[in-house]
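The following note sets out points for a colleague who is reviewing this model. Each point takes up one part of the structure.

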Amino acid sequence: MTLAPTPSISEAEREAGLRRLIYEAGFSSATAALTSGVILTAFAIYLGASNLMVGILASAPFLSQLLQAPAVLLVERLRRRKTIAVITSIIGRSMLAVMAIAVFLPPALAITSVTLGQFILCALGAIGGCAWNAWLRDLAPQDRLGAVMAKRAVYTTSVSLAAGLAAALLLDQTQAGSALRAWAFASLYLVGCATGLVSALVVARLPEPQMPPASGEPLGLFSLLRAPLADANFRRLVHFLAAWQFAINLATPFFTVFIVRQLGFDMTFVMVLSVASQIANLVAIRSWGALSDRFAHKSVLLVAAPLYILAIVGMVVASQLGKSDAGMAYLVGLHLLMGAAVAGVTLATANIALKLSPKGEATAYVATSALVSSLAAGVAPILGGIFADFFAARRFELVLRWTSPNGVAVFSPLGLSQWDFYFLIAGALGLYALHRLSLVQEEGQIDRRAMIEQVWGEAGRVARNLGTVAGLRAVTEFSGSLLHDARLRARWLRRHRIIAAER
């Protein structure tokens with residue numbers, strides 16, 4: 001096994017590499033499911049992290065993406081993508097062992113260790129991911145990239161859902177604040193570290209085609225980003241993306257804190273909500289993809305983005321229902337809506353920058369939109385954490401008073417506190433982002449009313465298809481639909497990668 005690129009790769013070596021590429025997704029997705037997202041937030045809460053620290057931890061994946069731009073220059077200069085990907089993966093995922101040990105340290109030192117480990121992990125992941133994406137494009141044949149990515153998506157989804165639920169069940173079997181809970185978190189992060197290192201080992205066994213010799217003078221970072229910001233229409237798009245990412249990341253990183261601390265639900269229920277959202281995302285991606293093919297990405301955003309904002313603001317209703325059966329049912333329905341909306345927003349925002357970039361300059365334009373989006377998404381949760389204590393000390397109540405001969409009755413149908421303010425502020429900022437989107441021009445766009453009619457048509461078609469499935473057949477056909485949706489998503493990504501390459 002060597003980390004050096006190979007001048008030529010035989011068909012047998014390529015096939016073996018593609019097989020490893022598929023099952024590697026299971027190890028990497030297990031690492032993410034056991035150590036990030038909801039689990040990381042729960043870990044921070046267990047360690048007694050303040051709202052500011054929760055926000056800082058949530059910002060790490062986004063702020064680390066700012067390293068993508070210099071990572072491009074690093075890959076172009078070293079031209080050893082496997083070396084970069086494997087070394088950054090080993091060092092970065094070793095931080096998970098440090099985070100596992102942190103649970104036994106004094107609280108202040110534990111939080112510092114976890115935060116530092118998370119930032120190192122995310123930073124090296126961003127650098128390695130840049131090399132990995134370029135390497136993957138050369139390794140997998142273009143006519144089979146869709147099938148390969150579909151199988152990876154199935155592995156990723158299956159393992160993520162299973163590992164996430166297993167982690168939540170393990171945590172709920174231990175008492176909060178007990179030594180067993182500490183060992184549970186340590187076990188999750190140690191297993192995550194182990195699966196991450198296995199993933200790096202598998203990646204090291206993949207063949208790397210040698211990059212062609214560099215041609216021309218190396219391009220500087222600022223020269224690369226100057227042209228996109230000079231384009232008026234693309235600048236309006238960047239303005240929308242920045243406002244949008246700031247709006248949604250002001251509140252969404254604190255959903256777990258809100259559901260666990262304010263509403264009082266356990267971690268198993270939080271993971272059930274996460275699973276519901278992911279399933280809705282997979283089911284909806286096919287319809288959003290069909291609508292994007294037929295109409296403009298902006299038209300999809302004009303429907304999906306308001307739905308997402310509505311779901312965020314809808315969390316205020318959950319605080320009124322509290323920990324009840326009605327509250328549980330409402331949160332499940334809200335997360336289904338949120339997952340479906342996120343599918344459309346993610347699909348459209350990922351591709352509208354590509355479509356609006358001039359021919360031959362797609363790399364610079366997409367990089368600019370990614371950098372601005374990452375900066376806005378990284379700053380938002382930090383500001384959210386800073387002002388969390390301010391809003392925690394404030395409460396707004398709507399009081400109704402009824403006076404009758406029998407006395408005075410006082411009703412309070414609405415009470416807003418702490419995170420409710422964030423959900424409303426995120427909604428207001430989301431409306432501003434939609435205003436910025438309305439200024440963007442894209443060929444083929446239709447108005448919102450026409451797009452809503454198309455969405456209703458797609459939703460009705462999906463509902464009719466699902467309505468014909470019953471009993472055991474529902475399970476088998478749904479499993480098939482996940483594979484179909486994953487293939488569709490992979491074909492979508494492949495098509496736009498090819499367009500980017502032609503540009």
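1. A residue is called buried here when its relative accessible area is under 20%. Alanine 304 has a relative accessibility of 0%, so this residue counts as buried. Its place is in helix H13, which covers residues 297–313. Leaving aside neighbours within four places in sequence, alanine 304 is in contact with Trp288, Ala341, Gly344 and Val345. For one of these partners, valine 345, the C-alpha to C-alpha distance from alanine 304 is 5.7 Å, at a sequence separation of 41 residues.

2. The model is predicted, and its confidence should be kept in view. The mean pLDDT of the protein chain is 81, and 82% of the residues reach 70 or more. Over residues 469–503, however, the pLDDT is below 50. That stretch nevertheless has 54 contacts in the model beyond near neighbours in sequence, and any reading of residues 469–503 has to be set against the pLDDT below 50.

3. On the chain as a whole, the secondary structure comprises 19 helices and 2 strands. Of the 503 residues, 50% are buried. The accessible surface comes to about 23,000 Å², and carbon and sulfur atoms account for 66% of that area. Among contacts with a separation of 6 or more, 86% join residues that are 24 or more positions apart.

4. The pairing of helix H2 (residues 38–46) with helix H8 (residues 179–204) deserves a separate entry. The two axes come within 11 Å of each other and cross at roughly 145°, and the crossing of H2 past H8 is left-handed. On the H2 side, the residues that meet H8 are Ile39, Leu40, Ala42, Phe43 and Tyr46; on the H8 side they are Arg181, Ala182, Phe185, Leu188 and Tyr189. By class, this contact has 9 nonpolar residues, 1 charged residue and no polar ones.

5. Leu40 of H2 also appears among the contacts of glutamine 118. Glutamine 118 is found in helix H6, residues 107–139. With a relative accessible area of 5%, under the 20% limit, glutamine 118 is buried. Apart from neighbours within four places in sequence, its contacts are Leu40, Leu57, Ala60, Pro61 and Met99.

6. Is proline 209 buried or exposed? Its relative accessible area is 13%, and proline 209 is therefore buried. This residue lies in the loop between H8 and helix H9 (221–230). Not counting residues up to four places away in sequence, proline 209 touches Pro5, Thr6, Ile9, Arg81, Trp135, Asp138 and Leu139. The C-alpha atoms of proline 209 and lysine 82 are separated by 9.5 Å, although the two residues are 127 residues apart along the chain.

7. Leucine 237, in helix H10 (residues 232–251), has a relative accessibility of 0% and so counts as buried. Which residues does leucine 237 contact, leaving aside its neighbours within four places in sequence? They are Ile352, Ala353, Leu356 and Val440. Leucine 237 and leucine 439 are 202 residues apart in sequence, yet their C-alpha atoms are 8.2 Å apart in space.

8. Two loop residues call for attention on account of their backbone angles. Arginine 79 has a phi near 60°, a positive value in a residue other than glycine. Its place is in the loop between helix H4 (68–78) and helix H5 (81–102). Arginine 79 counts as buried because its relative accessibility is 18%, under the 20% limit.

9. Glutamine 418 likewise is not a glycine and has a positive phi, about 40°. This residue lies in the loop between strand S2 (407–417) and helix H17 (419–438). At 17% relative accessibility, glutamine 418 also counts as buried.

Definitions and conventions. Residues are numbered from 1 along each chain as its sequence is written. This is a predicted model: local features need pLDDT of at least 70, side-chain atom pairs count only at pLDDT 80 or more; totals for chains, interfaces and linings use all residues. Side-chain values use heavy atoms; hydrogens and water are left out. Axes are lines fitted to C-alpha atoms, for helices over the stretch in contact, and angles run from 0 to 180 degrees between N-to-C directions. Helices (H or I, at least four residues) and strands (E, at least two) are DSSP runs, numbered from the N terminus. A crossing is left-handed if the near helix is turned anticlockwise from the far one by less than a right angle, and right-handed if clockwise. Contact means heavy atoms within 4.5 Å. Ala, Val, Leu, Ile, Met, Phe, Trp, Tyr, Cys and Pro count as nonpolar, Asp, Glu, Lys and Arg as charged, and the others, Gly among them, as polar. Buried means under 20% relative accessible area, exposed over 50%, partly exposed in between (1.4 Å probe, protein chains only). pLDDT is the predictor's confidence in each residue, from 0 to 100. Accessible areas come from the Shrake-Rupley method with a 1.4 Å probe; for residues, only the protein chains shown count as cover.
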